[in-house]
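Okay, thanks for coming, everyone. Let me put the structure up on the screen and then we'll walk through it.

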Amino acid sequence: NFFFPSDDCFGLLGLNGAGKTTTFKTLTGEIPIEYGDAFINGISLKKHMAKACQLIGYVPQYDAMLQELSGYETLKIFALIR
C-alpha cells in the first residue's frame, strides 16, 4: 500500500523494468487495472477512472501524447496550455 498526503507531489525511482511506467500508466487509465484497485481521495480508479483522474496531474518523461495527435490537435493543445 502507498499513501500520500493531499497536495503531495511524488515520483517513482527504480531500475529499468521495475514497473514505474506501468504503475503510472495504470494510475492514468492507459492500462486497465486487472487485479486489486487504487484510490485517489477515496475514489476507486477501477470503478470511477474519469472522476479520479480529475483529481490528479501527470507529467510523463517524454511527450507521450504528441504522436497520437493530429496537427490541428497539437496546435490546439499548445494554444490552450499557453
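**A quick tour of the chain**

So, the surface to start: the chain exposes about 7,400 Å², with carbon and sulfur atoms supplying 57% of it. Those accessible areas are from the Shrake-Rupley method with a 1.4 Å probe, and for residues only the protein chains shown count as cover.

Caveats up front: this is a predicted model, where local features need pLDDT of at least 70 and side-chain atom pairs count only at pLDDT 80 or more, while totals for chains, interfaces and linings use all residues. Residues are numbered from 1 along each chain as its sequence is written, and side-chain values use heavy atoms, with hydrogens and water left out.

Overall layout: three helices and two strands, running α-β-β-α-α from the N terminus on. Helices (H or I, at least four residues) and strands (E, at least two) are DSSP runs, numbered from the N terminus. The C-alpha trace spans about 40 × 30 × 25 Å along its principal axes. Of the 82 residues, 11% count as buried; buried is under 20% relative accessible area, exposed is over 50%, and partly exposed is in between (1.4 Å probe, protein chains only).

Now, which residues does T26 touch, not counting residues up to four places away in sequence? Those are I31, I33 and M49, where contact means heavy atoms within 4.5 Å. T26 is in helix α1, residues 20-27, and its side chain reaches the backbone oxygen of T22 at 2.8 Å.

Follow that contact over to I33, in the loop between α1 and β1. Is I33 buried or exposed? I33 counts as buried because its relative accessible area is 17%. Leaving aside neighbours within four places in sequence, I33 is in contact with T26, A38, L45 and K46. Its C-alpha is 22 Å from that of L15, 18 residues apart along the chain.

N41 is one for the backbone people: not a glycine, yet it has a positive phi of about 50 degrees. N41 is in the loop between β1 and β2 (43-44), and N41 counts as exposed because its relative accessible area is 61%.

Last thing, contact range: residues 24 or more positions apart account for 14% of the contacts in the chain with a separation of 6 or more. That's my tour, so over to you.

Notes
A polar contact is a pair of N or O atoms within 3.5 Å; within protein, one must be able to donate a hydrogen and the other to accept it, and residues adjacent in sequence count only if both atoms are side-chain atoms.
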